[in-house]
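User: Could you take a close look at a single part of this model and tell me what surrounds it? A careful, connected account would suit me best.

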Amino acid sequence: MNKVMSNKLMIALYTLPALILIGILIYIPLGLTGYYGLMKWDGIGAMEFIGLENYITALQDTKFWESAYHSFLLAIFSALSLIIYLIISLILASKIKGADLLRKIYLIPMLLSSVAIAQLWIKVYNPANGILNSILGFFGVDNPPVWLGDPKVVLFAIFVPILWQYAGFYILIYYAALKNIPDSLVEAAKIDGASAFQIAYKIKAPLIMGVIKVTIVLAIVGSLKYFDLIYVMTGGGPSGASEVMASYMYKLAFATYDFGYGSAIGFLLLIITLIVTVFIRKLTASDEEVQY
Amino acid sequence: MNKLGYSILYVCLGLVAVFQIFPLIWLVIFSLKDSREIFASPPLSLPEELKWENYVKVWQGDIAVYFFNSVWYTLVAIILTVILASMATFAITRMKWKLSSFVLGLFMVGLMIPIHSSLIPLFKMFLTVDLIDNPLSIIITYTAYNLPITMMILLGFYYTLPKEIEEAAIIDGCSINRLFFRIILPMTVPVMSTTVIINMIYNWNEFVFVNTFISSDKYKTLTVGIQNFIGQYMTDWGAIGATLVISILPILIAFLFFSNKIVEGISASAVKG
């Protein structure tokens, strides 16, 4: 039995195809990104080794820092929006009729491509004919901002479709976690005279803290990688007001053919993502995991 | 809680539902109007008559090509991903070897990688081996990048399979291949279908890889194709609407039939990060 189940040849045969694929297509490219970052390279011609110059340039590049700042702003918005999702899930999970159906309706935008979402929301924000301005007009707002054309509001305008896209996802996760809380705990609190609000705030939310922490990591790390939606909706504009790290990297490489510098930015994106992941994990890790 | 409280709750939940679904309904509405009507009547009005011509018109353009490319890239990548992931997960969870947890770690770290950080080297690699503007580059990248999440979803199920099955099979003289393909794999159908759906959503909606590696129209997928297409039809909102509806329809139909599987897959994939 043990001999068959530890047959080296079979193990290799079963794992190597997948391992080779991720090795060649995920791990080797990651290393190469750091290496290309040391080069002056237009993507086609020969590479010229220039040491850390690209990385030093990046650290002094205001455009890079602005894009990083926008990424972090989106990350903070996303983390804050988790509160709304949590409240909705608490309501949904409190034995309300139709919760299942509502939860599924909330999930629908999550299934669509960011490109389709971006195109749809470009239309929603259209100054002449979009639904947003015509609804605002109905409520008597005569001079709404040019949503995607105003550097001051563009990031907020981009955040709304993000909120829209991921609402169902986070609600689903919280809802599933809340459904796992044993009824007896909630019943006991009720008998002790706790209000619905107290039960939600003092009992249910702390009990799903582990899940909440995971979603914080997901929301923040996910935001650092935003690309498709912004690339399609604004291309980083107007005048860089919605540029994020990934879109800046993409532009450097595939629009201005500065592949060496683009790689350096790509490598910094990787480092920042990993540092932030570890940092938030540490920050949100607690030794007293709730048991029930 | 009293009646008033409940009504307020339902109104709030209902408003959220409207916010989630309304932009899509509006999309369907303007996809059935012509340009004159879209620009002359209020955005929220229903179409005077249903202009199905919009759909006919865009389907006769390149959309049909993009659509079928999306279909076959998605399908081939799903099959490859699910088979390779199942085999690797089987070897990691059911077979005995020293490096199994290390190898599992290699796959799971893949969940944290921002794809943009590997885009330039991938581009260069595909350029070197002449796979730029070749569907193969898309299919293998989809497969590689979806392996970690697919294995993540499969893992839990494989861990719970009873040991006795393997023992009995091997005592009967069953080979590993036979055990895996004839006995274990069929048992994992429920969780496999969840991974199929999740892969379908990811592949169907993928943008960056196709946008970077594919340049000819004949190889583009819907997500990238609609970008060009919409460029051509700047002011023809009816055509744009029809294009978008066509691009999201397959996923919506899948959701209608398999919403439970989708919910399962999405919750499972949430643990990543």
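Analyst:

**A threonine in chain B and its surroundings**

In this predicted model, B:Thr194 lies in helix α9 of chain B, the helix that spans residues 189-205. The relative accessibility of B:Thr194 is 1%, and because buried means under 20% relative accessible area, this residue counts as buried. Its side chain is not without a polar partner, since the side chain of B:Thr194 makes a polar contact with the side chain of B:Glu264 at 3.1 Å. B:Glu264 also appears among the residues that B:Thr194 touches, which are B:Ile153, B:Lys261, B:Glu264 and B:Gly265 when residues up to four places away in sequence are not counted.

Two cysteines of chain B can be set beside this threonine. B:Cys174 is buried, with a relative accessible area of 14%, whereas B:Cys12, at 39% relative accessibility, counts as partly exposed. As for disulfides, a search of the whole structure finds 0 over all chains.

For chain A, an unreviewed UniProt entry lists residues 12-32, 72-93, 105-122, 153-177, 207-227 and 259-280 under "transmembrane region". Over residues 12-32 of chain A, the model is 100% helix and 0% strand, with the end C-alpha atoms 26 Å apart. Over residues 105-122 of chain A, the chain is 67% helix and 0% strand, and there the end C-alpha atoms are 22 Å apart.

Note on methods: Residues numbered from 1 in each chain as written. Chains lettered and ligands numbered in written order. Predicted model: local features only at pLDDT ≥ 70, side-chain atom pairs only at ≥ 80, totals over all residues. Heavy atoms only, no water. UniProt positions renumbered as here; feature names shortened; annotations may be inferred. Helix = DSSP H or I, 4+ residues; strand = E, 2+ residues; numbered from the N terminus. Disulfide = S-S within 2.5 Å. Buried < 20%, exposed > 50% of the residue type's maximum accessible area, 1.4 Å probe, protein only. Polar contact = N/O pair within 3.5 Å; in protein donor to acceptor, adjacent residues only side chain to side chain. Contact = heavy atoms within 4.5 Å.
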